[in-house]
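Me: I would like to go through this model by question and answer, with the reasoning set out before each result.

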Amino acid sequence: MRAVIVAIGVAFLISLFCTPIAIKVFTRLKAGQPIRAEGPAMHQGKKGTPTMGGVVFILATVIAYVAGHLALTTLPDAQIAQVEPTITALVLLGLMVFSGAVGFIDDFLKVRKRHSGGLNKRGKLAGQILVGAIFGIVALYFPSTMRDVSGNRTNAETVGSTTLSFIRDIPALEIGKVGAVIVIIMVVMAATNGVNLTDGLDGLATGASVMVLAAYGLIAFWQYRHWCADPNYTEAYCYTVRDPLEIALIAGAAAGACVGFLWWNTSPARIFMGDTGALGLGGLIAGMAMSTRTILLLPILGALFVIITMSVVIQIISFRTTGKRVFRMSPLQHHFELAGWSEVNIVVRFWIIAGIGVAIALGLFYSEFLAAVT
């Protein structure tokens with residue numbers, strides 16, 4: 001637990017104190033956010049606000065992971081811990097960094113062209129598929145070893161699973177390694193686009209991501225405390241996952257980094273996360289679902305992202321089939337802006353929706369555990 005707390009604290013402080021530096025640097029570089037002409041009129045006042053702020057909390061998460069790992073080395077040998085860096089960390093941080101890199105290219109092109117177009121849809125899609133495929137393969141094809149409570153080296157699980165999962169793996173839904181890689185790619189695409197579409201109002205995506213990442217931190221730490229690598233727990237209710245403490249550490253670091261960034265990103269935002277941050281967070285969240293074996297639980301945990309994504313899908317289908325729009329504008333948050341809601345009201349109410357989704361998901365996770373032990 002100490003290592004997780006260290007990672008959270010370090011990430012928060014780095015993000016809190018380095019974001020103002022990023023604001024000054026990006027302002028000098030004239031890396032201002034272009035605003036779509038067809039967007040809500042009130043957004044034109046945000047034109048020129050520095051973007052690409054996701055760079056700060058992505059770097060803060062990586063640095064905090066290192067700090068947390070240094071704290072891990074002080075744990076007693078009798079405790080179950082991954083003292084050495086793991087493939088789990090490589091996959092999770094890799095998904096965050098390289099998904100963020102795809103977003104950075106998009107942001108860079110927007111700033112350079114002074115236009116909101118950025119990277120074309122095919123290019124962004126190809127980048128998401130490539131990142132998902134590479135780290136999906138690493139997650140499925142590279143098992144390694146870990147220490148048990150006696151210090152012995154034992155065969156470990158892979159980061160991902162060849163079966164679909166809800167709260168645990170579902171043995172009846174075996175899809176094989178190739179199928180699992182395809183599922184991982186789809187989850188990466190869904191999560192990155194979901195967070196990206198949610199990132200339309202000051203602090204909205206950042207706050208929602210904090211809730212989801214904090215939930216994954218709790219899930220992973222609970223799995224660590226009831227880990228099948230510990231002989232004190234029976235197969236009836238222990239969790240067959242790999243490196244759960246590592247997962248909790250990274251989730252906590254990312255959540256802490258986002259909280260520090262939110263200080264400057266909340267309305268009126270002094271900096272935007274940009275696609276750099278949105279795609280980076282989406283990639284990490286996808287990795288969390290995969291590594292904790294809760295892929296089918298993700299749509300509930302990320303309920304807000306799902307709702308906003310579906311508003312876009314519904315709008316497109318309706319317009320192309322009937323020529324009519326269901327919403328005044330999509331994504332959904334812009335519909336309420338045009339309906340007269342203030343930006344702060346929309347953000348707070350959408351955060352409540354995000355919190356409800358997280359609460360339901362955590363309730364389902366814990367109720368499954370109670371059912372297993374009784």
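**Backbone, rings and voids**

Reply: Before the questions begin, one residue can serve as a starting point: in this predicted model, Arg-293 has a relative accessibility of 3% and therefore counts as buried.

Me: In which loop does Arg-293 lie, and what is the value of its phi?

Reply: Arg-293 belongs to the loop between α8 and α9. Although Arg-293 is a residue other than glycine, its phi is positive, near 60°.

Me: Is Met-52, which has a positive phi although it is not a glycine, buried or exposed?

Reply: Met-52 is found in the loop between α1 and α2, and its phi is about 65°. The cut-off for burial is a relative accessible area under 20%, and Met-52 has a relative accessibility of 5%, so the residue counts as buried.

Me: How far apart are the C-alpha atoms of Ile-23 and Met-52?

Reply: Ile-23 lies in helix α1, which covers residues 2–28, and with a relative accessible area of 6% Ile-23 is buried. Along the chain Ile-23 and Met-52 are 29 residues apart, while the separation of their C-alpha atoms is 9.5 Å.

Me: Which residue does a cis peptide bond join to Ser-330, and which one to Ser-267?

Reply: For Ser-330 the partner is Pro-331, with omega about 0°, and Pro-331 is found in the loop between α10 and α11. For Ser-267, where omega is about -5°, the partner lies in the loop between α7 and α8, and that partner is Pro-268.

Me: Which geometry does the aromatic pair of Phe-57 and Phe-261 have?

Reply: A search of the whole structure finds 11 aromatic pairs. In the pair of Phe-57 and Phe-261 the ring centres are 5.1 Å apart and the planes stand at 75°, and because planes over 60 degrees apart fall in that class, the geometry is edge-to-face.

Me: How many residues apart along the chain are Phe-57 and Phe-261?

Reply: Phe-57 and Phe-261 are both buried. Phe-57 lies in helix α2 (residues 54–72) and Phe-261 in helix α7 (residues 244–265), so that the pair links distant parts of the chain, 204 residues apart.

Me: Which of Tyr-366 and Phe-369 is buried, and which is partly exposed?

Reply: The rings of Tyr-366 and Phe-369 form a stacked pair, with 6.3 Å from centre to centre and 20° between the planes. The two residues are three apart in helix α12 (residues 343–373), which means that about one helical turn separates them. With the cut-off for burial at under 20%, the 8% relative accessibility of Phe-369 makes that residue buried, whereas the residue with 40% relative accessible area, and hence partly exposed, is Tyr-366.

Me: Which residues form one aromatic cluster with Tyr-366 and Phe-369?

Reply: The stacked pair of Tyr-366 and Phe-369 belongs to an aromatic cluster with three further members named here. They are Trp-222, Tyr-239 and Phe-365.

Me: Over the ring of which residue does the charged end of Lys-177 sit, and over the face of which does Arg-349 lie?

Reply: The distance from the charged end of Lys-177 to the ring centre is 4.8 Å, and the ring is that of Tyr-141. Arg-349 is at 4.7 Å from the ring centre, and the face it lies over is that of Trp-341.

Me: Which element gives the most to the lining of the second largest pocket?

Reply: This pocket holds about 410 Å³ of space and is lined by 17 residues, with Ala-190, Ala-191, Leu-298, Pro-299 and Val-306 nearest its centre. The lining divides into 14 nonpolar residues, three polar and no charged. Elements giving two or more residues to it are α5 (176–198), α9 (298–301) and α10 (303–322), and the one that gives the most, with seven residues, is α5.

Me: What is the volume of the largest cavity?

Reply: The whole structure has three cavities of 30 Å³ or more. The largest cavity is lined by 13 residues, with Ser-161, Thr-163, Ala-180, Ile-184 and Ile-295 nearest its centre, and the lining comprises eight nonpolar, four polar and one charged. β3 and α5 each supply at least two of these residues, and the volume of the largest cavity is about 70 Å³.

Me: Which residue in β4 stands opposite Thr-163?

Reply: Strands β3 (residues 163–165) and β4 (residues 169–174) run antiparallel and are joined by two bridges, forming a hairpin with three residues between them. The residue opposite Thr-163 is Glu-174.

Conventions
Residues numbered from 1 in each chain as written. Predicted model: local features only at pLDDT ≥ 70, side-chain atom pairs only at ≥ 80, totals over all residues. Heavy atoms only, no water. Phe/Tyr/Trp six-rings, centres within 6.5 Å; stacked < 30°, edge-to-face > 60°. Helix = DSSP H or I, 4+ residues; strand = E, 2+ residues; numbered from the N terminus. Buried < 20%, exposed > 50% of the residue type's maximum accessible area, 1.4 Å probe, protein only. Lys NZ or Arg CZ within 6 Å of the ring centre and 35° of its normal. 1 Å grid on protein atoms, 1.4 Å probe; cavity = no way out; pocket = protein on both sides within 12 Å on 5 of 7 lines; lining within 4 Å. Points joined across faces, edges and corners; volume = space filled by probe spheres on them. Nonpolar A, V, L, I, M, F, W, Y, C, P; charged D, E, K, R; others polar. Pairing = 2+ DSSP bridges.
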